[in-house]
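Subject: structure for you, with notes

Hi,

Here is the structure I promised to pass on. Have a look at it first, and then read my notes underneath.

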Amino acid sequence: MASAQERLLLLSLLIFFMISAASSHGAIYKPPLVPSLTDRFNRVAVNQGYSEFFGHSNIRLLNNGSNADLILNKSSGSGLVSRNKYHHGFFNAAIKLPSGFTSGVVIAFYLSNADLFPHNHDEIDIELLGHEKRRDWVLQTNIYGNGSVHTGREEKLYLWFDPTQEFHQYSILWNSHHIVFLVDNVPVREFAYNSAISGVYPSKPMSVYATIWDASEWATHGGKYPVNYQYAPYVVSLGEMEMEGCVWQQPKDSSSSAAASCSRSGLSSFDPVEGEEFAKLSQEQINGLEWARKKLMFYSYCKDTSRYKVLPPECKPS
Ligand SMILES: *[C@@H]1O[C@H](CO)[C@@H](O)[C@H](O)[C@H]1NC(C)=O
Ligand SMILES: *[C@@H]1O[C@H](CO)[C@@H](O)[C@H](O)[C@H]1NC(C)=O
Ligand SMILES: *[C@@H]1O[C@H](CO)[C@@H](O)[C@H](O)[C@H]1NC(C)=O
């Protein structure tokens, strides 16, 4: 028979564990309802839309090529690159992240043209960072335009679900009005075009990439928490790829501008995300955006006054 004191101790321990279980992973949060963009566009099989970027032996095509697993082990990471280049569009991947200890592991789903424009490239990044301090994956977004690599525009947030249990949708919408990052169709960041940032707004055709790599040096405060290969292989699963955009045709005459040679893609008679309804977020999407940023964002370059004495022009004072 336990004494009253022992029972009290047991009860407080129980309550303590219940509270800590509920507050990890932020799984208690439920986003507001938002319209689905991912249902609007066609899915492309991985082996139709993408080819190998690096790490041949660590790429596994599944389900007749519609899905793929990308693997990181001590020998190599791996990656895919889209067969086409796009000038604007909607890009989606359903992603299931590796579970367990993942410090230093980075999964990136991004657009870039560093191959074509090494000195003034554009880039739009979704990066999923393995465990930093908490045992949670972190979603980082970033944008570079026309070689603006000296100005990092990172934002970081926690997810409202455990991304290792099921597939979730990670998307980028990019047109001449704005760049929107979405998770399960909830906008988590909007980068709006305006004339003050026209020089750093991504505006040249880009390829789409999906990669897994060892970012021990880059992502973990100079190698403080490197990848631990005792827990390898790290496997990220991809599917439900969407790449609906303006497909870029390599100009025959190299003096013509890249943007001018963007052709109409597929059956659409116009850039599928350039129309009125993609130019602005709807009220429901704005509600989702505000919800995600208020509840889950923990870093924005726009608040980082120790890094930027003068904040970049798009940062509004708050
Ligand atoms: C990594 O995996 C590949 C196959 O996916 C294998 O050939 C290679 O030996 C592995 N490397 C290590 C260090 O386990
Ligand atoms: C597998 O994919 C090919 C195209 O890559 C398609 O023609 C074929 O019908 C698919 N098979 C099945 C069983 O889905
Ligand atoms: C991008 O950079 C190139 C070379 O650095 C420059 O010539 C061009 O004017 C820039 N474009 C914009 C839109 O600022």
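Let me start with a small puzzle: is Asn185 buried or exposed? Asn185 turns out to be buried, with a relative accessible area of 9%. Before I go further, please keep in mind that this is a predicted model.

**The loop between β11 and β12**

Asn185 sits in the loop between β11 and β12. Its backbone is worth a look too: Asn185 is not a glycine, yet its phi is positive, at about 70 degrees. Asp184 is in that loop as well, between β11 (178-183) and β12 (186-192). Phi of Asp184 is also positive, near 50 degrees, and again the residue is other than glycine. As for cover, Asp184 has 24% relative accessibility and therefore counts as partly exposed, since the buried class stops at under 20%.

**A cis peptide bond**

If you check omega along the chain, stop at Ala232 and Pro233. The peptide bond from Ala232 to Pro233 is cis, and omega there is near 0 degrees. Pro233 belongs to the loop that runs between α3 (216-219) and β14 (234-247).

**Ligand 1**

Which residues are around ligand 1? They are Ser57, Asn58, Arg60, Asn73, Lys74 and Ser75. Sorted by class, this shell holds four polar and two charged residues, and no nonpolar ones. Here are the polar contacts I noted, each to an oxygen atom of the ligand:

- Asn73 places a polar side-chain atom 2.3 Å from an oxygen atom of ligand 1.
- Asn58 also uses a polar side-chain atom, 2.7 Å from an oxygen atom of ligand 1.
- Ser57 takes part through its backbone, with an N or O atom 2.9 Å from an oxygen atom of ligand 1.

Taken alone, ligand 1 exposes 360 Å², and the protein buries 46% of that.

**Ligand 3**

Around ligand 3 the residues are Asn120, Asn146 and Gly199. For Asn146, a polar side-chain atom lies 2.5 Å from an oxygen atom of ligand 3. On its own, ligand 3 exposes 370 Å², of which the protein buries 31%.

**Helix α5**

Next, the helix at residues 283-296, which is α5. At 1.5 Å a residue, its 14 residues should span 20 Å, and the end C-alpha atoms are indeed 20 Å apart, so the two values agree. Which residues of α5 are buried? The list is Gln285, Gly288, Leu289, Trp291, Ala292 and Leu296. Looking down the axis of α5, you will see these buried residues fall within an arc of 165 degrees, so they line one face of the helix. The general background is that an α-helix has 3.6 residues a turn, so residues three or four places apart point the same way. On the face of α5 turned away from the buried side you will find the exposed residues Gln283 and Lys294.

**Pairs that are apart in sequence**

Three C-alpha pairs finish the tour.

Val34 is in the loop between α1 (4-23) and α2 (46-49). Val34 is buried, with a relative accessible area of 18%. Val34 and Glu284 are 250 residues apart in sequence, while their C-alpha atoms are 5.6 Å apart in space.

His87 lies in strand β5 (residues 86-96), and is buried at a relative accessible area of 10%. What lies 3.0 Å from a polar atom of the side chain of His87? The backbone oxygen of Ser203 does. His87 is also paired with Lys204: the two are 117 residues apart along the chain, and 6.4 Å separates their C-alpha atoms.

Leu129 is part of strand β7 (residues 123-129). Its relative accessible area is 3%, so Leu129 is buried. The C-alpha atoms of Leu129 and Ile107 are separated by 6.7 Å, with their positions 22 residues apart along the chain.

That is what I have for now. Shout if you want to go through any of it together.

Cheers

How values were computed. Residues numbered from 1 in each chain as written. Chains lettered and ligands numbered in written order. Predicted model: local features only at pLDDT ≥ 70, side-chain atom pairs only at ≥ 80, totals over all residues. Heavy atoms only, no water. Near = heavy atom within 4 Å. Polar contact = N/O pair within 3.5 Å; in protein donor to acceptor, adjacent residues only side chain to side chain. Areas by Shrake-Rupley, 256 points an atom, 1.4 Å probe, with all protein chains shown as cover. Nonpolar A, V, L, I, M, F, W, Y, C, P; charged D, E, K, R; others polar. Helix = DSSP H or I, 4+ residues; strand = E, 2+ residues; numbered from the N terminus. Expected span 1.5 Å × (residues − 1). Buried < 20%, exposed > 50% of the residue type's maximum accessible area, 1.4 Å probe, protein only. Arc of directions from axis to C-beta.
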